[in-house]
Amino acid sequence: MRAAFIPGLLLLAACPERPPARDEVALERYAEAEHLFEQGRYAEAAPHYEFCVSARDRFKDAYYRLAYCQESLGQEGKAVSTLERLLRVDREDEYALKHLWRLYVHRGFTAQALDA
């Protein structure tokens, strides 16, 4: 029995280490994005948040932070798109609705603001 066990160990040892799952990478990148966000480095944080929402579409905090980064960088159109993507995941998210309404009003999109 011991002889059969040793080749199995050799086979396991010879296997390359599995790459981390996309979900695990998203959590690591979220932590990095949070660190950058806290420092006000929004341009550097945004790609990490974007990865998070593409890997985990129900990761609401990543959407919020991504939209904030985009708005802070003067990319209001992208922030609107980000919040609209979140509303496709959860169409009753109050935070997204409030901020989307505010962005619509700021951009002069009255009809969209009323819909929101």
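A salt bridge is counted here when a side-chain nitrogen of Lys or Arg lies within 4 Å of a carboxyl oxygen of Asp or Glu. By this rule the count for the structure comes to seven salt bridges. The model is predicted, and the protein chain has seven helices and zero strands, so that, read along the sequence, the pattern is α-α-α-α-α-α-α. The points below take up confidence and overall make-up, then three of the salt bridges, and then helices H2 and H5.

**Confidence and overall make-up**

- The mean pLDDT of the protein chain is 84, and 78% of its residues reach 70 or more.
- Confidence is not even along the protein chain: the lowest value belongs to helix H1 (residues 2–14), with a mean of 52, whereas the highest belongs to H3, at 97.
- The protein chain holds 116 residues, of which 29% count as buried.
- The accessible surface of the protein chain comes to about 7800 Å², and carbon and sulfur atoms account for 56% of that area.
- When contacts in the protein chain are taken between residues at least 6 apart in sequence, 40% of them join residues at least 24 apart.

**Salt bridge between Arg 56 and Asp 23**

- The side chains of Arg 56 and Asp 23 form a salt bridge with an N to O distance of 2.7 Å.
- Because Arg 56 lies in the loop between helix H3 (42–55) and helix H4 (60–72), while Asp 23 belongs to helix H2 (residues 22–38), the pair ties together parts that are 33 residues apart in sequence.
- Arg 56 is partly exposed, with a relative accessible area of 28%, and Asp 23 is likewise partly exposed, with a relative accessible area of 38%.

**Salt bridge between Arg 41 and Glu 44**

- A further salt bridge joins the side chains of Arg 41 and Glu 44, with 2.6 Å from N to O.
- Arg 41, at 34% relative accessibility, counts as partly exposed, and Glu 44, at 40% relative accessibility, also counts as partly exposed.

**Salt bridge between Asp 90 and Lys 60, and its network**

- The side chains of Asp 90 and Lys 60 meet in a salt bridge, for which the N to O distance is 2.6 Å.
- This pair links distant parts of the chain, since Asp 90 sits in the loop between helix H5 (76–89) and helix H6 (94–107) and Lys 60 sits in helix H4, with their positions 30 residues apart in sequence.
- Asp 90 counts as partly exposed at 23% relative accessibility, and Lys 60 counts as partly exposed at 28% relative accessibility.
- Lys 60, Asp 90 and Asp 93 are joined into one network by salt bridges that share partners.

**Helix H2 and its two faces**

- The 17 residues of H2 should span 24 Å at 1.5 Å a residue, and the end C-alpha atoms of H2 are indeed 24 Å apart, which agrees.
- The buried residues in H2 are Ala 26, Tyr 30, Ala 33, Glu 34, Leu 36 and Phe 37.
- Because these residues cover an arc of only 160 degrees around the axis, they are placed on the same side of H2.
- In general, an α-helix has 3.6 residues a turn, so residues three or four places apart point the same way.
- The buried residues of H2 pack against H3 and H4, whereas the face of H2 turned away from its buried side carries the exposed residues Glu 28 and Glu 38.
- Just after H2, Gly 40 takes a positive phi of about 75 degrees.

**Helix H5 and Glu 76**

- H5 has 14 residues and reaches 20 Å from its first C-alpha to its last, close to the 20 Å expected at 1.5 Å a residue.
- In H5 the buried residues are Glu 76, Ala 79, Val 80, Thr 82, Leu 83, Leu 86 and Leu 87.
- These buried residues cover an arc of only 160 degrees around the axis, and therefore they lie on the same side of H5.
- Glu 76 has its place in helix H5, and its relative accessibility of 19% means that Glu 76 counts as buried, the cut-off for that class being under 20% relative accessible area.
- The C-alpha atoms of Glu 76 and Leu 103 are separated by 7.2 Å, although the two residues are 27 residues apart along the chain.

Key
Residues are numbered from 1 along each chain as its sequence is written. This is a predicted model: local features need pLDDT of at least 70, side-chain atom pairs count only at pLDDT 80 or more; totals for chains, interfaces and linings use all residues. Side-chain values use heavy atoms; hydrogens and water are left out. Helices (H or I, at least four residues) and strands (E, at least two) are DSSP runs, numbered from the N terminus. Buried means under 20% relative accessible area, exposed over 50%, partly exposed in between (1.4 Å probe, protein chains only). Contact means heavy atoms within 4.5 Å. Accessible areas come from the Shrake-Rupley method with a 1.4 Å probe; for residues, only the protein chains shown count as cover. pLDDT is the predictor's confidence in each residue, from 0 to 100. The expected span of a helix is 1.5 Å times one less than its number of residues. The arc is that of the directions from the helix axis to the C-beta atoms.
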